[in-house]
Amino acid sequence: MEWEAAFIRRWILERARVGAWIWMGLGLLGLAAAEMLYDGWQLPLLLFWVWVIGYMDVISILTIKELRHQMARLDQTCDPAPLLAWCRSVLRQNPGSTRYRVYEGFCLLLLGREVEALSTLEQVEGRRKLWRQPDSFLLYVACRSDLSDPGTAGQWLEQGRRAARRKWLGRKTLEKALKEQELCLALRQGQTEGLEGAMKACLEKASSLRLRVAWHYELGQLFRALGRPEEAAEHLRFVAQYGNRLAIRSRAEELLEPGR
């Protein structure tokens, strides 16, 4: 529900850290009271840590729930700005979060702010948590590939393939997404053979407006490379119409200008 999402967002962004101190304080009061009621300190201490960890788990669950809500919103509106604002608000509470740093870089890349995106993503390079979170890992290698020149971008996808072979959780999703990313890289490297059918298949299976816009853009680029400008323009017009605040919308509009 909309009011529930708004409440979660407001609480986490504005009061989560203060709430943690209040919760800790209440836990300490409870610990002191329990020590007076019970003989020994083991049970009161156990209850105290259950109290503290419970708060952390609830905040984590609510934050992930809101992240999914914001991602769904991005997928349907093609506007990365709300998700970027959400990630930065969470990072103000928890600057060390790997997941939200990756999503921050992802949003910056979608907005066409490549220098900021690279700087953001470099902050999580080498972190162990990155490899334990399939969603974050996939976004990370895809973004690093997009931000690299065509000659070295494949190294990031190879890292993704090696990691996917070691993962059980999310393995199929990782492998499928990496194969799709390879199509885009092949086009950037000047290859065109076999891409039309594969990209059209990806477009047909796209589960959101954002992904459809992305594949229309790739097909537009492909048909330009193949010397089929009318078909390219058809796909680029879709991007220009529905791309909203995505950077590829501006690029599509430029390519549609006469003489381009």
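User: Why is the crossing of α10 and α11 called left-handed?

Analyst: A crossing is left-handed when the near helix is turned anticlockwise from the far one by less than a right angle, and right-handed if clockwise. The crossing of α10 and α11 belongs to the left-handed kind. Please keep in mind that this is a predicted model, in which local features need pLDDT of at least 70, side-chain atom pairs count only at pLDDT 80 or more, and totals for chains, interfaces and linings use all residues. Residues are numbered from 1 along each chain as its sequence is written, and side-chain values use heavy atoms, with hydrogens and water left out.

User: What makes α10 roughly antiparallel to α11?

Analyst: Helix α10 (residues 195–205) and helix α11 (residues 209–225) pack at an angle of about 165°, and their axes are 9 Å apart. An angle over 145 degrees counts as roughly antiparallel (under 35 is roughly parallel, 65 to 115 roughly perpendicular, the rest oblique), so α10 is roughly antiparallel to α11. The axes here are lines fitted to C-alpha atoms over the stretch in contact, with angles from 0 to 180 degrees between N-to-C directions.

User: Which residues of α10 and α11 meet?

Analyst: From α10 come Leu195, Glu196, Met199, Lys200, Cys202 and Leu203, and they meet Arg212, Trp215, His216, Glu218, Leu219, Leu222 and Phe223 of α11; contact means heavy atoms within 4.5 Å. By class, this contact of α10 with α11 has eight nonpolar, one polar and four charged residues. In that scheme Ala, Val, Leu, Ile, Met, Phe, Trp, Tyr, Cys and Pro are nonpolar, Asp, Glu, Lys and Arg charged, and the others, Gly among them, polar.

User: How do you know that the buried residues of α10 line one face of the helix?

Analyst: The buried residues in α10 are Leu195, Met199, Cys202 and Leu203, where buried means under 20% relative accessible area, exposed over 50%, and partly exposed in between (1.4 Å probe, protein chains only). Looking down the axis of α10, these buried residues fall within an arc of 100°, so they line one face. Glu204 and Lys205 are exposed on the other side of α10.

User: What makes α3 roughly antiparallel to α4?

Analyst: The angle between helix α3 (residues 81–93) and helix α4 (residues 98–110) is about 150°, with axes 9 Å apart. Set against the cut-off of 145 degrees, that value makes α3 roughly antiparallel to α4. Their crossing is left-handed. In the contact, Leu83, Leu84, Trp86, Cys87, Arg88, Val90 and Leu91 of α3 meet Tyr100, Arg101, Tyr103, Glu104, Cys107 and Leu108 of α4. The residues of this contact of α3 with α4 divide into 10 nonpolar, no polar and three charged.

User: And why is α4 called roughly antiparallel to α5?

Analyst: α4 and helix α5 (residues 114–122) pack at about 165°, with their axes 8 Å apart. That angle makes α4 roughly antiparallel to α5. α4 passes α5 in a left-handed crossing. The contact joins Arg101, Val102, Glu104, Gly105, Leu108 and Leu109 of α4 to Glu114, Glu116, Ala117, Thr120 and Leu121 of α5. Its classes are five nonpolar, two polar and four charged residues for α4 with α5.

User: How do you know that arginine 144 is buried?

Analyst: Its relative accessible area is 7%, so arginine 144 counts as buried. Arginine 144 is found in helix α7 (residues 134–147). Leaving out residues up to four places away in sequence, arginine 144 touches Leu118, Leu121, Glu122, Glu125 and Trp156. The C-alpha atoms of arginine 144 and tryptophan 156 are separated by 6.6 Å, with the two residues 12 apart along the chain.

User: Why is cysteine 78 counted as buried, and what is the phi of cysteine 78?

Analyst: With 0% relative accessibility, cysteine 78 counts as buried. Its phi is positive, about 60°, although cysteine 78 is not a glycine. Cysteine 78 lies in the loop between α2 (42–77) and α3. Most residues other than glycine have a negative phi.

User: What makes asparagine 244 partly exposed?

Analyst: The relative accessible area of asparagine 244 is 33%, which makes it partly exposed. Asparagine 244 sits in the loop between α12 (229–242) and α13 (247–255). Asparagine 244 has a positive phi of about 50°, although it is not a glycine.

User: How many helices and strands are there in the chain?

Analyst: The chain has 13 helices and zero strands; helices (H or I, at least four residues) and strands (E, at least two) are DSSP runs, numbered from the N terminus. Of the 260 residues in the chain, 42% are buried.

Note on methods: The arc is that of the directions from the helix axis to the C-beta atoms.
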